[in-house]
Amino acid sequence: MLNGKVIVLGVTGGIAAYKAATLCSRLVQRGADVHVIMTESAKQFIPELTLQTLTKNPVYSDTFDERDPSVVSHIHLADLADLVLIAPATANVIGKMAHGLADDMLTTTLLATTAPVMISPAMNVHMYTHPAVMANMETLVSRGVSMIEPGEGLLACGYVGKGRMEEPDTIVDVVERFFRERAQLVALNEEIASSTTGILHGKKVVVTAGGTIERIDPVRYITNDSSGKMGFAIAKAAKQLGADVHLIAAHTDEAPPEGIRTEKVESAQDMYEAVLRVFDHSDIVVKAAAVADYRPAEVATSKIKKRGETMTLDLVKTTDILESLGRQKTSQFLIGFAAETDTVEQFAREKLKRKNCDLIVANDVTQEGAGFRTDTNSVHIFDAEGLVLQLPVMSKEEVAQRLLTLAADRLSGRSS
Ligand code: CTP
């Protein structure tokens, strides 16, 4: 399982550092390419030469001891790693990691790496249960660091309890399981990707994104909380599935995705005109944009001056783009969105009917992980018959992928 895997092994200064020799030996026996980084304190417990001999690789401990002028060692090791394993991990290194400190070769490498990190803590039982250490470990776990829980037993300090570093064989088993599960996940994702690749090939998909801006005067406008993330994710997913994508983007938090034809618009009226220009030739239209329902009746040509204690702004209704498309549609597959704060299903299904959509994607924006500016969403997708798909909190990219796979399925069902 470990053949060809680069493991950067951090050894820190606890008595369990002596076990690093067995750990190195076992990892190398299973085929891993092990690069050791030791802290200065670790060298008090085990000589560098032991680990260098076992791994057949140079051992690093000094950030400034640059042996190869063509690379910066800590960045090179950070990039090379498939996994960074710290065994033993002392309370000190755990604290430094939790707080982002980088004052030696190991901690600079840890900040520079994007590889997964696993730590095997080893310390006295009271140190292990100290609230500061516990809090630091929780911080690391919340950031995705894996903990190999220390075993209970007689500790080197004479105490019996939790704090003993897990045995090297068990650590190797955990590492192997990690790579096995990762390989399975990659295979599964590839399988999903290959089964959906090209399902929108030859289809023209129009996506609207962001929040429209309705001008009051040259320096003021009305808009909403839409970040554009959901619409952008749909445009990207449609492209990945082989579609010819036309993105119509109003005000958004970030730049539109690269490599997708994007038309920038400002108001609901601009968006309406832009969509109408491409509607006849489109196969799927996804209205993920948050379109203003009302706009100022008049747009002042110069900055409105402050006058009385109150001010009244006259608003008039904008065109409901989706409703208008619903009336005009011939073969186009129309997908609407309904962001609600209550009575989600009822409001969403009413909108689906009123706007003559094929699908409506409803979300409760008050729910955690499903708001306007989040990277995740949790949606219920309805058609005229009722609920079709319910997706728990997942990334907007995944929601987009599932939504378009469903739309493609429905489209191919129509043509067959
Ligand atoms: N929509 C549109 N044009 C508008 C308003 C909304 O095309 N002027 C579209 C949105 O892009 C979305 C769907 O209609 O796909 C539902 O938008 P939403 O704001 O939830 O619904 P409204 O019809 O505006 O109803 P309400 O604001 O009362 O909930």
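This passage walks through the largest pocket, the ligand and two unusual spots in the backbone. Everything here comes from a predicted model, not from an experiment.

Let's start with the pocket. The largest pocket holds about 860 Å³ of space, and 39 residues line it. Of these, Ala289, Ala290, Val291, Phe337 and Ala339 lie nearest the centre of the pocket. As for the kinds of residue involved, the lining splits into 16 nonpolar, 13 polar and ten charged residues. Several elements chip in with at least two lining residues each: helix 10 (229–240), helix 12 (321–328), strand 16 (333–340) and helix 13 (344–354). The largest share belongs to strand 16, which supplies four residues of the lining.

Now for the ligand. The space it takes up is this largest pocket. The elements that give two or more residues to the shell around the ligand are helix 12, strand 16 and helix 13. Strand 16 gives the most here too, again with four residues. In total, 17 residues surround the ligand, and the closest are Lys287, Ala289, Phe337, Lys351 and Lys355. Two of those names, Ala289 and Phe337, also turned up among the residues nearest the pocket centre. Sorted by class, the shell has eight nonpolar, three polar and six charged residues.

Zooming in on single atoms, three side chains make polar contacts with the ligand. In Lys355, an N or O atom of the side chain sits 2.5 Å from an oxygen atom of the ligand. Lys351 also has a polar side-chain atom facing a ligand oxygen, at 2.7 Å. With Thr318, the partner on the ligand is a nitrogen atom, and the distance from a polar side-chain atom of Thr318 is 3.4 Å. How much of the ligand does the protein bury? Taken alone, the ligand exposes 570 Å², and the protein buries 78% of that area.

Finally, the backbone has a couple of oddities worth a look. Most peptide bonds are trans, and most residues other than glycine have a negative phi. The bond joining Ala87 and Pro88, however, is a cis peptide bond, with omega at about -5 degrees. Pro88 belongs to strand 3, which covers residues 83–89. Thr343 is the other case: this residue is not a glycine, yet its phi is positive, near 45 degrees. Where is Thr343 placed? Thr343 falls in the loop between strand 16 and helix 13, and both of those elements give residues to the shell around the ligand.

Conventions:
Residues are numbered from 1 along each chain as its sequence is written. This is a predicted model: local features need pLDDT of at least 70, side-chain atom pairs count only at pLDDT 80 or more; totals for chains, interfaces and linings use all residues. Side-chain values use heavy atoms; hydrogens and water are left out. On a 1 Å grid over the protein atoms alone, a cavity is a set of points where a 1.4 Å probe fits but cannot get out, and a pocket is an open set with protein on both sides within 12 Å along at least five of seven lines; lining residues have an atom within 4 Å of a point. Grid points are joined across faces, edges and corners, and a volume is the space filled by probe spheres set on the points. Ala, Val, Leu, Ile, Met, Phe, Trp, Tyr, Cys and Pro count as nonpolar, Asp, Glu, Lys and Arg as charged, and the others, Gly among them, as polar. A residue is near a molecule or strand if one of its heavy atoms lies within 4 Å of it. A polar contact is a pair of N or O atoms within 3.5 Å; within protein, one must be able to donate a hydrogen and the other to accept it, and residues adjacent in sequence count only if both atoms are side-chain atoms. Accessible areas come from the Shrake-Rupley method with a 1.4 Å probe; for residues, only the protein chains shown count as cover. A molecule sits in a cavity or pocket if more than half of its atoms lie within 2 Å of its grid points.
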